[in-house]
Amino acid sequence: MRPTLIKLFKPPFVPLVANSFTEAIGNTPLIRLKVSDKIGRNVYAKAEFMNPGGSIKDRAAKYVIEDAERKGLQPGGTIIEGTAGNTGIGLAHVCRSKGYKCVIYMPNTQAKSKMDTLRLLGAEVHPVPAVAYDNPENYNHKAKRHAESLENAVWTNQFDNIANRQSHIETTGPEIWAQLNGKVAGFTCSTGTGGTFAGITRYLKTISNNETKCVLADPPGSVVHSYIQSKGKDIVRGGSSFTEGIGQGRITENLKPDLELIDDSYKIPDEESIEMLYRLLDEEGIYVGGTSALNVVAAIKLAESLPEGSNVVTILADSCHKYSDRIFSKKWLESKGLLQAIPEHLLKYASLE
Ligand SMILES: Cc1ncc(COP(=O)(O)O)c(C=O)c1O
């Protein structure tokens with residue numbers, strides 16, 4: 001008998017073949033969130049958790065390592081970075097794929113699971129005392145000195161190396177523009193190094209002739225919102241957030257060149273971000289971390305400020321797997337004063353001790 005099912009099967013999309021891990025980075029889907037129907041504007045979220053290393057930071061990792069190669073890194077060399085999160089994971093993957101050693105410095109206050117993940121990806125991990133950036137013992141400065149002490153080693157310097165931002169000018173921004181056929185009325189996301197927001201903003205502002213409205217979203221505890229609102233005159237410090245990987249105490253070199261392009265900024269309270277994290281799971285089936293939830297809150301706010309039918313884009317930076325033992329623990333939520341922020345009907349998801 002002829003296998004008719006096979007004969008009739010026509011895949012809607014044939015993915016390109018990637019010859020390596022690094023070639024598989026990017027080209028992530030843009031998901032139209034259901035909340036769009038409620039607000040009469042389209043909120044699109046770029047599914048960066050679908051990158052092969054699991055986050056948006058795979059893109060930056062690839063670009064800063066290729067930048068190191070252009071600066072003379074030779075086969076078998078060492079990549080060194082200060083990072084407590086997704087950048088380290090992205091770097092560790094790309095280093096294995098390209099045959100480099102990977103050394104990561106991070107504050108010793110970070111969860112052991114983060115160190116374990118990096119070690120099992122082949123990285124050498126140095127947990128060091130958590131001190132402020134202006135202290136020479138800060139993990140970033142230690143990473144820099146380590147690279148200077150070795151032959152054929154590069155400190156990739158994700159915060160101030162604009163190869164990070166370039167990855168989004170050359171890949172994430174163009175992907176968004178192409179996915180929506182050039183109809184992008186608004187873009188928003190939060191910043192850690194600033195690479196994602198700045199690179200996408202630079203690309204969208206340029207290609208749209210300044211038409212795309214670009215709004216930076218900031219968590220509590222970050223100075224960037226106050227810097228933007230006061231045009232650099234009034235930097236407000238203090239506060240903290242449950243989100244990890246975003247929020248900044250200074251204006252990085254990745255953000256600096258694009259500051260003048262920013263139309264506005266929003267400060268998003270943790271209560272709204274945590275509620276959105278649970279709502280995304282319940283209403284959309286999307287399981288993402290706190291920064292992605294914050295981004296969606298900001299995207300809805302931006303969309304509501306634009307004409308009906310507008311397309312607004314934001315970023316789903318990573319999935320919730322790394323954070324689930326806290327985010328879905330009633331005890332943890334209570335300790336952070338966030339339990340009351342979860343609506344009654346969503347509490348069933350807070351099923352961990
Ligand atoms: C989960 C998550 N979201 C957002 C960001 C911020 O991205 P960027 O450093 O490009 O500003 C990071 C950075 O590490 C991250 O890990």
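This is a short talk about the two domains of a predicted model, the sheets inside them, one pair of helices and the surroundings of the ligand.

Before I start, please note that residues are numbered from 1 along each chain, as its sequence is written. Because the model is predicted, local features need pLDDT of at least 70 and side-chain atom pairs count only at pLDDT 80 or more, while totals for chains, interfaces and linings use all residues.

Let me begin with the domains, whose bounds come from an automatic or database domain assignment. That assignment gives domain 1 (22–54 + 162–349) and domain 2 (57–155) for the protein chain, and the centres of domain 1 and domain 2, taken over C-alpha atoms, are 25 Å apart. Where the domains touch, 19 residues of domain 1 are in contact with 15 residues of domain 2, and contact here asks that the C-beta atoms of two residues, placed from the backbone, lie within 7 Å. On the side of domain 1 that touches domain 2, the largest share, seven residues, comes from helix α7 (residues 163–179). Helices (H or I, at least four residues) and strands (E, at least two) are DSSP runs, numbered from the N terminus.

Now to the sheets, and first a general remark: strands of a sheet pair through backbone hydrogen bonds, either parallel or antiparallel. Two strands pair if DSSP finds at least two bridges between them. One open sheet has six strands in the order β1-β2-β10-β7-β8-β9, with mixed pairing, and β1 (30–32) and β9 (264–267) are the edge strands, each pairing on one side only. From one strand to the next, the twist averages 25°. Within this sheet, β7 (residues 186–190) and β10 (residues 311–316) pair in the parallel sense over two bridges, and glycine 186 has valine 312 in β10 as its bridge partner. Helix α8 packs on the sheet, where it touches β7, β8 (213–218) and β10, and its direction makes about 170° with that of β7. For such angles, axes are lines fitted to C-alpha atoms, for helices over the stretch in contact, and angles run from 0 to 180 degrees between N-to-C directions.

Another open sheet, of four strands, has the order β5-β4-β3-β6 and parallel pairing, and its edge strands are β5 (124–128) and β6 (153–155). Here the twist averages 15° from one strand to the next. Five bridges join β3 (residues 78–82) to β4 (residues 101–107), and isoleucine 79 stands opposite cysteine 102 in β4.

How do helix α10 and helix α11 pack? Helix α10 (residues 270–284) and helix α11 (residues 290–304) make an angle of about 100°, with their axes 8 Å apart. That makes α10 roughly perpendicular to α11, a label used for 65 to 115 degrees, whereas angles under 35 degrees count as roughly parallel, over 145 as roughly antiparallel and the rest as oblique. Among the residues that meet are Met276 and Leu280 in α10, and Leu294 and Val297 in α11.

Which residues are closest to the ligand? Of the 20 residues that surround the ligand, the closest are Gly192, Thr193, Thr196, Gly245 and Ala317, and a residue is near a molecule or strand if its C-beta atom, placed from the backbone, lies within 6 Å of it. The shell draws at least three residues from each of domain 1 and domain 2. Helices α4 (86–98) and α8 (195–207) each supply at least two residues of the shell, and the largest share, three residues, comes from α8.
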